[in-house]
Each structure stands twice: as C-alpha cells, then as structure tokens.
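This report asks the reader to look at the chain shown below and to follow a few of its parts in turn.

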Amino acid sequence: MTMVMEFARFTIHEGAEAQMIADRPAMLAALRARFPACLAAYLTREEDGTWLDVLLWRSHTEAEESARLIATIPECAAWLAHIAESGGLRHAEVLDACPAP
C-alpha cells in the first residue's frame with residue numbers, strides 16, 4: 001500500500017482563527033465520512049503566520065478525488081470559507097513512517 005501526504009498551504013481571514021479551529025472537528029468528521037481513505041490530519045501554523053494542513057491518505061487517487069470534491073461537503077465548504085488565500089496543494093508519496101499507521 002502506497003500512502004500519500006497532502007500539503008495544503010493557506011492564509012486565513014483576519015480574526016478567523018478561533019472559529020476555524022472550532023469548526024475543524026465537524027469538518028474532519030464529514031470529510032472522513034465521505035472519504036474514509038483519509039487516515040490522519042494535522043493542522044499547523046508556520047512561523048510566518050501561514051497555515052499548513054497535512055493529511056495522510058491511503059492512496060494518491062483517493063487524495064485527488066477528495067481535493068476535487070471537498071467543496072461539495074457542506075461542513076468542508078464552510079471550513080474552507082475561512083481561507084483568505086490558497087498557497088497551493090501538493091502530494092508526496094510516503095516512503096517511511098514511524099510509527100507506521
């Protein structure tokens with residue numbers, strides 16, 4: 001099985017941080033209900049204030065399908081509304097993990 005990490009870099013609207021974090025559990029639950037291939041998710045804030053959402057997917061195909069359809073899930077669309085500017089989305093094959101998922 002080849003797992004894939006997804007990296008989504010973005011900035012958020014001024015004052016949106018608390019609500020974005022509060023909305024995250026519902027967004028992730030809806031995402032995982034629609035796309036069970038999402039194995040893990042990590043939201044990070046970088047030193048320059050940009051955000052990086054890191055998701056672990058079972059496969060590249062499933063990660064790409066989610067990226068295409070995420071806005072069709074109401075909880076995900078609401079969460080995405082907190083984003084002011086996207087810095088892009090990229091995928092990378094996981095070659096090693098500790099601990100293994």
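The sections below describe a strand and its partners, the cysteines, two buried residues and a pocket.

## Strand β3 and its burial

The model is predicted. A useful starting point is strand β3, which covers residues 51-57. Seven of its seven residues are buried, so the strand is largely enclosed by the rest of the structure.

In a regular strand the side chains alternate between the two faces of the sheet. How are the two faces of β3 covered? On one side W51, D53, L55 and W57 are buried, and on the other side L52, V54 and L56 are buried.

## The partners of β3

Strand β1, residues 4-12, pairs with β3 in the antiparallel sense, and seven bridges link the two. Within this pairing, E6 has L55 of β3 as its bridge partner.

Strand β2, residues 38-45, also runs antiparallel to β3 and is joined to it by seven bridges. Here R45 has W51 as its bridge partner in β3, while T44 stands opposite L52. The strands β2 and β3 form a hairpin, with five residues between them. In the turn of this hairpin, G49 has a positive phi of about 95°.

## Cysteines without disulfides

A disulfide is a covalent bond between the sulfur atoms of two cysteines. How many disulfides does the model contain? The count comes to zero. For a pair to be counted, the two cysteine sulfur atoms must lie within 2.5 Å. The cysteine sulfur closest to that of C76 belongs to C38 and is 9.5 Å away, which is too far for a bond.

Is C76 buried or exposed? Its relative accessibility is 0%, so C76 counts as buried. C98, by contrast, has a relative accessible area of 77% and is therefore exposed.

## Two buried residues: S66 and V94

S66 is found in helix α2, which spans residues 60-69. Because its relative accessibility is 2%, S66 counts as buried. Which residues does S66 touch, apart from its neighbours within four places in sequence? It is in contact with L31, F35 and W57. The last of these, W57, is one of the buried residues of β3.

V94 is placed in the segment after β4. With a relative accessibility of 19%, V94 falls under the 20% limit and so counts as buried. Leaving aside neighbours within four places in sequence, V94 is in contact with M3, V4, M5 and L56. V94 and L56 are 38 residues apart along the chain, and their C-alpha atoms are separated by 8.8 Å. L56 is itself one of the buried residues of β3.

## The largest pocket

Rolling a probe the size of a water molecule over the atoms shows where empty space is left. In this model, the largest pocket holds about 340 Å³ of space. It is lined by 18 residues, and those closest to its centre are A8, I70, L80, I83 and L89. Which elements give two or more residues to this lining? They are β1, α1 (17-34), β3, α2, α3 (74-80) and β4 (83-93).

The character of the lining can also be described. Twelve of the lining residues are nonpolar, three are polar and three are charged.

How values were computed. Residues are numbered from 1 along each chain as its sequence is written. This is a predicted model: local features need pLDDT of at least 70, side-chain atom pairs count only at pLDDT 80 or more; totals for chains, interfaces and linings use all residues. Side-chain values use heavy atoms; hydrogens and water are left out. Buried means under 20% relative accessible area, exposed over 50%, partly exposed in between (1.4 Å probe, protein chains only). Helices (H or I, at least four residues) and strands (E, at least two) are DSSP runs, numbered from the N terminus. Two strands pair if DSSP finds at least two bridges between them. Contact means heavy atoms within 4.5 Å. On a 1 Å grid over the protein atoms alone, a cavity is a set of points where a 1.4 Å probe fits but cannot get out, and a pocket is an open set with protein on both sides within 12 Å along at least five of seven lines; lining residues have an atom within 4 Å of a point. Grid points are joined across faces, edges and corners, and a volume is the space filled by probe spheres set on the points. Ala, Val, Leu, Ile, Met, Phe, Trp, Tyr, Cys and Pro count as nonpolar, Asp, Glu, Lys and Arg as charged, and the others, Gly among them, as polar.
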